[in-house]
Amino acid sequence: MTIGDLIRLLSDGEFHSGEQLGERLGVSRAAVWKQLRKLEALGIAMEAVKGQGYRLAEPMELLDGGEIVAGLSRVARQHLTRLFVEETLPSSNGFIRERFEQGAGHGEVCLVEQQSEGRGRRGRAWTTPWGRTLMLSLGWRFESGVAALEGLSLAIGVVLAKVLESRGARPRLKWPNDVLLESPQGELGKLAGILVEISGDAAGPCEVVVGMGINVDLPADFRAGIDQPVAAVRDQVPDISRNALAVELLEGLLPLMASFEQQGFAAWQGEWNARHAFVGQEVDILRGGEREPAIAEGVDEAGNLWVLQGQQRRRLAGGEVSVRGRP
């Protein structure tokens, strides 16, 4: 019995006694009780009524690999080698890296309900509540060297932005790896982070793992524990399904990966700049422990950000700095 098995039973809106749950899952009442305590520890709200049993306070939609694959077009499906859906992993990017080590990995996608060791850019922890995000890693083998992959993370941000726009949301892009959305409090909050990890020969074939963490639905108490403004897809698209979001995202991501070596970022540059969160605004450039003010301009066809400091224009490359908008 897994947490997912228990959630599937409790998600129907009906009350279930511990005895019924044990019978359905083939375990003892004590084992059911232990898993119910785990649900509470994960912040999944339960209702318990004496004489009736337990149910989830609100329904949860679990990720469904069969539904996602069935929802893909023939064009997208031809680029997908395999889809994994896991309940918990240390890291979905780590999972795909291991697949590459085993001689697989290309065209493979891993979705996970919760990561214990998820991380964002520059090694920061990426914490998520169980079953309320879309965490996705995609593996791809490119024949060209690293230089041909300049701007890939920005193009991926455009794909996510376009998916959300098709649902009526108004995302913005923050250089180099974040997607922002206006939160209910009216401020731009971090909706998603993108992490691209490249291994292999700088001049020859290389293996890429693209990791995305997207907040779909964030409880208020979880937001309160995060030290930066955050947003969730359901702030602007309240009825979106996580499985439908996964389908629409893969529908854009798989063809992007298949064509990026030939097209490069130049094909995406204009679309990224049109969604630039801070163009023409004052920003802080964070490099190591230093902070320098600048005016943000657009990105070039290699995905570098140009800024203005006094009368001098500078080009920033993604690996070395972060840019933060000023309040």
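Q: What do the buried residues of α2 pack against?
A: The buried residues of α2 pack against α1 (3-10), α3 (29-41) and β2 (53-56). Contact here means heavy atoms within 4.5 Å. The labels are for helices (H or I, at least four residues) and strands (E, at least two), which are DSSP runs numbered from the N terminus. Keep in mind that this is a predicted model, where local features need pLDDT of at least 70, side-chain atom pairs count only at pLDDT 80 or more, and totals for chains, interfaces and linings use all residues. Residues are numbered from 1 along each chain as its sequence is written, and side-chain values use heavy atoms, with hydrogens and water left out.

Q: Which residues of helix α2 are buried?
A: Within α2 (residues 18-25), the buried ones are G18, L21, G22 and L25. They span an arc of only 100° around the axis, so they sit on the same side of α2. That arc is taken from the directions from the helix axis to the C-beta atoms. "Buried" means under 20% relative accessible area, "exposed" means over 50%, and "partly exposed" is in between (1.4 Å probe, protein chains only). If the spacing looks odd, remember that an α-helix has 3.6 residues a turn, so residues three or four places apart point the same way.

Q: What does the face of α2 turned away from its buried side carry?
A: That face has the exposed residues E23 and R24. Right after α2 comes G26, with a positive phi near 70°.

Q: Why is R141 called partly exposed?
A: R141 has a relative accessible area of 30%, so it falls in the partly exposed class. R141 lies in strand β5 (residues 133-142). Leaving out residues up to four places away in sequence, R141 touches F100, A104, H106, C206 and E207.

Q: How far apart are R141 and R314?
A: Along the sequence they are 173 residues apart, and in space 33 Å, C-alpha to C-alpha.

Q: What makes strand β7 largely enclosed by the rest of the structure?
A: Four of the five residues of β7 (residues 178-182) are buried, so the rest of the structure largely encloses it.

Q: How do you know which strands β7 pairs with?
A: Strands count as paired if DSSP finds at least two bridges between them. β6 (residues 172-174) and β7 have three bridges and are antiparallel, so they pass that test. K174 has D178 as its bridge partner in β7, and three residues sit between the two strands of this hairpin. On the other side of the count, β7 has five bridges to β8 (residues 188-200), again antiparallel. There, E182 is partnered with L188 in β8. The hairpin of β7 and β8 has five residues between its strands, and G186 takes a positive phi near 90°.

Q: In what order do the five strands of the open sheet stand?
A: The order is β13-β12-β11-β10-β14, with antiparallel pairing. At the edges are β13 (312-316) and β14 (322-325), each with a single partner strand, so one side of each has no neighbour in the sheet. Neighbouring strands of this sheet are turned by 45° against each other on average, direction ignored; the angles are between lines fitted to C-alpha atoms, and run from 0 to 180 degrees between N-to-C directions.

Q: How many bridges join β10 to β11, and β11 to β12?
A: Six bridges join β10 (residues 282-287) to β11 (residues 290-299), and three join β11 to β12. In the first pair, I285 is matched with E292; in the second, V299 stands opposite L305. The hairpin of β10 and β11 has two residues between the strands, with G288 at a positive phi near 60°. The hairpin of β11 and β12 has five, with G303 at a positive phi near 85°.

Q: How many bridges join β12 to β13?
A: Five bridges join β12 (residues 305-309) to β13. L308 has R313 as its bridge partner in β13.

Q: Why is the chain called as compact as a globular protein of its length?
A: First, the parts list: ten helices and 14 strands. The radius of gyration is 21 Å, close to the 20 Å that the globule rule gives for 327 residues, so the chain is as compact as a globular protein of that length. The radius is taken over C-alpha atoms, and the rule is 2.2 Å times the number of residues to the power 0.38. Of the 327 residues, 49% count as buried.
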